[in-house]
Amino acid sequence: MDIIGIETTKQMEILQLVAAIMHIGNITFVESNNFAAIADERFLEFPAYLLGLKSSAIREKLTSRQMESKWGKQREQINVSLNVEQAEFTRDAWSKDLYIRLFQFLIASVNEGMKISSRLSGKPLSIGILDIYGFEIFDNNGFEQFCINFVNEKLQQIFIELTLKAEQEEYISEGILWTPIEYFNNKIVCDLFESRKPPGIMCILDDICSQIHAQNEGADGQFLIELNKYMSQNEHYQSGAQCFIIKHYAGTVLYNIDGFCEKNRDTLYKDLITLMQQSNRQFFKQLFPEIVSSSGKKPTSFSSKIRNQANDLVDSLSKCAPHYVRCIKPNDTKRSLEWDEKRVLHQVEYLGLKENIRVRRAGFAYRRVFHKFLYRYAILTPKTWPSYHGNPREGVEIICQTVNMDRDQYQMGRSKIFIKNPESLFLLEEMRERKYDSYARVIQKAFKKFTACKRHTKLKEDACKLFLNKKERRRYSINRNFIGDYIGIEYHPVLQALVGKKERIIFAATINKYDRRFKVSKIDFLITANKIVLIGRELEKKGLNKGKIIEVLKRQINFNDIDNIGLSPYQDNFIILNVHNSYTSLLETPLKTELINAINKRYYDRADGRILPLNFNTSHQIILKKTQFGGGSRIIKFSKNDNGSNSTQLFPKGKILFVYIGPGLSSNAKPTDERITMKGHYEKHKMFSLTHRTSSLSTQHVTTSNRVYPLINNNHTDINRNNGTTTHLQNAICRHPEKPKPPLKPRFLPLVEALYSYEAQDTDELSFLAGDKFELVNKDSSGWWQGRMKNRTGLFPGNYVREL
């Protein structure tokens, strides 16, 4: 009660009322001078205390009642003493009424606590479960079974109205070709119960109860006589000795009339209502809000309440969209693994399931008005998508023809389309989902490309700031795209194993490394989230791999151990990596901007927000690694080339390496200032794809064993070893590309013809229509073949085509 919002004081009053009802049942009566008297006055005290009444008032209302007589225009109040039978009836009616009103209050409180209004209409919204008693047929059926079976008849009637009858009437109104299905309409049985003209069983019962004035003797017999008088001609009624028989939709039921009139009476004298309104407890007064008048209104009965409540329930269900769950009892013994075939068949028949299944099987599983169907499935054809302004009926026809739906699977009504089998509807839904999936992939692809371009632009801007006004730039270095993986790590699992299987590699490239004699060797330079890794190659001298060149871990450097990175102020590609308490690595790569920016990002994260120290100078000292030849140091000096050559020339002289560099772009050069927007991104997409093929040499690559090296035509590296008289080209990345070989003659592939249409479900699949012809590239035993259509290669199911 706390959850539904009932106050604590009111909760106590509810419990007091329940206790009072139980104590009222202890009040008994004895006969005194032919009238009723309280057997023991003490049993009045506790109900009086709980209800806030006086004991004398309770005694008066239980043993007498006030009647009103009318003579012409004059009215007279008369106090009538009750006999024992009438007093007991008054006591029981009072107790039942208290219980009913309390129950109704609790139901109203629960409904109020769960009430939720619609945001738009303000009407209450609800999802309800109606669980009712099943149809009852016992050996001895009385008034209770009569009322329960009446409610089942009403619910069966609305079931027929909402399913069988409404279904067939809709087909007729829409002009659908349809063979009517015969079914039993139980409205005639409901009229037998509740009809007023001619009077039904409930009306006759109420008339008898209103005439007996609390006298039970002979009332049931009189009721049976009246039934036989009015119902003898009804085919669903049959009379018997002290009983009557009704032919329900669920079967024939024999009702014993004993106690019908007594159980039907629901009279609560006005004196008892007045008594409860005298209570000193406000809650009890609220349960009896009636205005007691002297009008001769006919008292209510239990059957009339059942009839009204059943009709209200039917009205409520008619406003909803009900779904039915039919429960079948396999046996009457409530035991597992027992199956009574006759019992089950009987239930299937009286529940109307056979007729319902016949209607559903012969009918259409799905129906929808034209404009709603068009709105949902217009995406399936370009004739109706993205906009359609024609007749909705014609639009629906276009959709059905486009998906190749068989004509016998649907019919067009006056305002709706009717689809027969669920499989056809599932086909529409699946094709709709595929369309949305393909559009979602296009949007996702465009957005990912846009965000990647935006991210890379920001990355290049950050990298440029590291060298701004400090180092001259090469012509194609500023606007070059950052790829990150120039090796192809996915094709070199050995490199990933040397770094660590769980290490995420951010940058990977093959670069030049200079030793103590300034000799060049190739190493793989990898940057992960935690460290820098240098991997070289050595000839295996023993073991299974003897004579083979294998990858060897040369060096690992934590970001915190980096002292600084040395660079020249010119446009060369040298990097001097100085490590704290360790030797220096002299490296050379045209990817220096991207490499240093990647190190700077990780250094910032690992070094508590410190900026990577960059030392721009024309002279740098290199600390050598201590080996059997000793340690020591070397000097590298950078100078501008006086002869104006663009190539980089190296002259080793003892422990000093002289590097001469040609002039480059100004140190304040920046990347092209282009704001990345979605609109600009799409406007330049076609132009970019065209210029990408014929643009500067910075976008050309040489690929060797999945390693990608950008070609640098304006910056050759020459090493002069014999007093400058002989020049050796040491760097493989400076080679000019060879003349391309002439293309091979095209190989003609076999053709296939599509037997059915197919919509691609993934990016690596082909879409085609029935009748399309295209090339067959490869046949696989799995059933998925590879084909080529309009310069696009993809997979498709082999059983959808035939070879030509």
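**Exercise 1. Ser-279**

Which backbone oxygen does the side chain of Ser-279 reach, and at what distance? Place the residue in the chain and describe its surroundings.

Solution. The model is a predicted one.

Step 1. Ser-279 belongs to the loop between α10 (270–276) and α11 (282–286).

Step 2. Its relative accessibility is 1%. The cut-off for buried is under 20%, so Ser-279 counts as buried.

Step 3. The side chain of Ser-279 reaches the backbone oxygen of Leu-51 at 2.6 Å. The side chain of Ser-279 also reaches the backbone nitrogen of Arg-281, at 3.1 Å.

Step 4. With neighbours within four places in sequence set aside, the contacts of Ser-279 are Leu-51, Gly-52, Leu-53, Phe-284 and Lys-285. Leu-51 thus appears in this list and as the residue whose backbone oxygen is reached.

**Exercise 2. Two aromatic pairs**

Classify the ring pairs Phe-146 with Phe-193 and Phe-768 with Phe-796, and state which elements each pair ties together.

Solution.

Step 1. A search of the whole structure gives 31 aromatic pairs. In the pair of Phe-146 and Phe-193, the ring centres are 4.8 Å apart and the planes make an angle of 35°. Stacked requires an angle under 30 degrees and edge-to-face one over 60, so this pair is tilted.

Step 2. Phe-146 is in helix α5 (residues 143–174) and Phe-193 in helix α6 (residues 187–194), so the pair ties together parts 47 residues apart in sequence. Both Phe-146 and Phe-193 are buried.

Step 3. For Phe-768 and Phe-796 the values are 6.0 Å centre to centre and 85° between the planes, which makes the pair edge-to-face. Phe-768 lies in the loop between β27 (751–754) and β28 (773–778), and Phe-796 in strand β30 (residues 792–797), so this pair ties together parts 28 residues apart in sequence. Phe-768 and Phe-796 are both buried.

Step 4. Phe-146 and Phe-193 also belong to one aromatic cluster, whose members include Phe-143, Phe-150, Phe-223, Tyr-237 and Phe-302.

**Exercise 3. Helix α16**

Describe how helix α16 (residues 392–402) begins, what follows it, and which of its residues are buried.

Solution.

Step 1. Before the helix, a cis peptide bond joins Trp-385 and Pro-386, with omega about 10°. Pro-386 is in the loop between α15 and α16.

Step 2. The N-terminal end of α16 is capped by Asn-391, a side-chain oxygen of which lies 3.1 Å from the backbone nitrogen of Arg-393.

Step 3. The buried residues of α16 are Gly-395, Val-396, Glu-397, Ile-399 and Cys-400. An α-helix has 3.6 residues a turn, so residues three or four places apart point the same way.

Step 4. Their cover includes α15 (370–377), β9 (410–412) and β10 (416–419).

Step 5. Asn-404 follows α16, and its phi is positive, near 60°.

**Exercise 4. Positive phi outside glycine**

Asn-34 and Phe-518 have positive phi. Where does each lie, and is each buried or exposed?

Solution.

Step 1. Most residues other than glycine have a negative phi. Asn-34 has a phi of about 70°, and Phe-518 one of about 65°.

Step 2. Asn-34 is in the loop between β1 (29–32) and β2 (35–38). Phe-518 is in the loop between β11 (505–514) and β12 (520–528).

Step 3. Asn-34 has a relative accessible area of 60% and is exposed. Phe-518, at 3% relative accessibility, counts as buried.

**Exercise 5. Confidence along the chain**

Over which residues is the pLDDT below 50, and how should those stretches be read?

Solution.

Step 1. The mean pLDDT of the chain is 81, and 85% of its residues reach 70 or more.

Step 2. The pLDDT is below 50 over residues 675–706, a stretch with 38 contacts in the model beyond near neighbours in sequence. It is also below 50 over residues 708–739, where 86 such contacts are present.

Step 3. Where pLDDT is low, the predicted coordinates should not be read in detail.

Key: Residues numbered from 1 in each chain as written. Predicted model: local features only at pLDDT ≥ 70, side-chain atom pairs only at ≥ 80, totals over all residues. Heavy atoms only, no water. Phe/Tyr/Trp six-rings, centres within 6.5 Å; stacked < 30°, edge-to-face > 60°. Helix = DSSP H or I, 4+ residues; strand = E, 2+ residues; numbered from the N terminus. Buried < 20%, exposed > 50% of the residue type's maximum accessible area, 1.4 Å probe, protein only. Contact = heavy atoms within 4.5 Å. Polar contact = N/O pair within 3.5 Å; in protein donor to acceptor, adjacent residues only side chain to side chain. pLDDT = per-residue confidence, 0-100.
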